[in-house]
Amino acid sequence: MDFGMKNRLSRIFSPRTGRTVMLAVDHGYFQGPTTGLKNMKGILPLIPHADCLFVTRGIVRTSIDPRTDTSICLRVSGGPSILGALSNEDIIVSLEEALRLNASGVGMSIFVGAENEDRTIANLGRLVNEAVRYGMPVLAITAVGKEMVRDARYLGLACRMAAEIGAHFVKTYYCEDFERVVEGCPVPIVIAGGKKIPEWDALLMTESAIKSGASGVDMGRNIFQSDSPVGMIKAVKSIVHKGVSAKEAYKVYRGSTKTSVPAEAEDADKMEKV
Ligand code: 5RP
């Protein structure tokens, strides 16, 4: 691996922990102004807490301070809106643009088991071919789409395929037996958060994913749609980089809210003492 590739990867995965907290704010590329991202000013206080921002070029150009220390992983696939066939994506951003924006990585979705599967996989191959010429890491995003069964068998297939085609890291969803997904994938895996769930559940999911071998998160809605987005990103970060429990992380999140500890967290505490 050459210097450029290693250097860029070290801007995404902390050299201290080997893990990453990526903040995903790319949703508008197919969903439009979604809850929490209607005005991108809302995410600005979150950026210093993230290792990397997963974002489109339009938002980088219009809304991100170029003096930021947080690295950029640029979404380079797109095409359909939420009203169309999601899998009908192509590569829509050039490597030249990614370099101009000083991206530390580029990311695209693949749609294993869906319509356009073969085209999106071929697109990943083409993107990797070009990206490695410039030492640019490629993130493959798997299992997007409500109809996908998100179990270890399917996610294991999709993640392994992404790695075999040449992705340098993969984003997928957490599932039961996640160790099997990690075991079968020779490159680092980060988890997406998925749709907004209670903060306690999102922190438990993060803890389980890290314990199962995930290398971090690329999380969006469970951070920016939280009642305390800064508290939540700090809490997620404490799990990813410090290895604290969901219970400890919940206190970090709660530090900036008035929410009481949920019954499940109290139960977890009792279990720890048994
Ligand atoms: C959408 C994406 C998002 O970046 C990804 O889903 C992460 O965001 P969230 O945690 O909200 O699921 O790649 O295609």
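**Exercise 1.** In this predicted model, find which side chain puts an N or O atom 2.7 Å from an oxygen atom of the ligand, then work out how far the protein covers the ligand.

*Solution.* Start with the side chain: an N or O atom of Arg221 sits 2.7 Å from a ligand oxygen. A pair of N or O atoms has to be within 3.5 Å to count as a polar contact, so keep that cut-off in mind. Next, go to the backbone. Gly220 brings a backbone N or O atom to 2.8 Å from an oxygen of the ligand, and Gly194 does so at 2.9 Å. Now for the cover: on its own the ligand has 360 Å² of accessible area, and the protein covers 98% of that.

**Exercise 2.** Describe the shell of residues around the ligand.

*Solution.* There are 15 residues around the ligand, and those that come nearest are Asp26, His27, Lys171, Gly220 and Arg221. Sort the shell by class and you get six nonpolar, four polar and five charged residues.

**Exercise 3.** Work out what lines the second largest pocket.

*Solution.* First, the space: this pocket holds about 180 Å³. Then walk along its lining, which includes Arg11, Val60, Ile64, Asp65 and Pro66, as well as Leu101 and Asn102. By class, the lining comes to five nonpolar, four polar and two charged residues.

**Exercise 4.** Check the radius of gyration of the protein chain against that of a compact globule.

*Solution.* Take the 274 residues: a compact globule with that many would have a radius of gyration near 19 Å. The chain has 18 Å, so the two agree. Its C-alpha trace spans about 55 × 40 × 40 Å along the principal axes, and the chain has twelve helices and ten strands.

Technical notes:
Residues are numbered from 1 along each chain as its sequence is written. This is a predicted model: local features need pLDDT of at least 70, side-chain atom pairs count only at pLDDT 80 or more; totals for chains, interfaces and linings use all residues. Side-chain values use heavy atoms; hydrogens and water are left out. A residue is near a molecule or strand if one of its heavy atoms lies within 4 Å of it. A polar contact is a pair of N or O atoms within 3.5 Å; within protein, one must be able to donate a hydrogen and the other to accept it, and residues adjacent in sequence count only if both atoms are side-chain atoms. Accessible areas come from the Shrake-Rupley method with a 1.4 Å probe; for residues, only the protein chains shown count as cover. Ala, Val, Leu, Ile, Met, Phe, Trp, Tyr, Cys and Pro count as nonpolar, Asp, Glu, Lys and Arg as charged, and the others, Gly among them, as polar. On a 1 Å grid over the protein atoms alone, a cavity is a set of points where a 1.4 Å probe fits but cannot get out, and a pocket is an open set with protein on both sides within 12 Å along at least five of seven lines; lining residues have an atom within 4 Å of a point. Grid points are joined across faces, edges and corners, and a volume is the space filled by probe spheres set on the points. Helices (H or I, at least four residues) and strands (E, at least two) are DSSP runs, numbered from the N terminus. The radius of gyration is taken over C-alpha atoms; the globule rule is 2.2 Å times the number of residues to the power 0.38.
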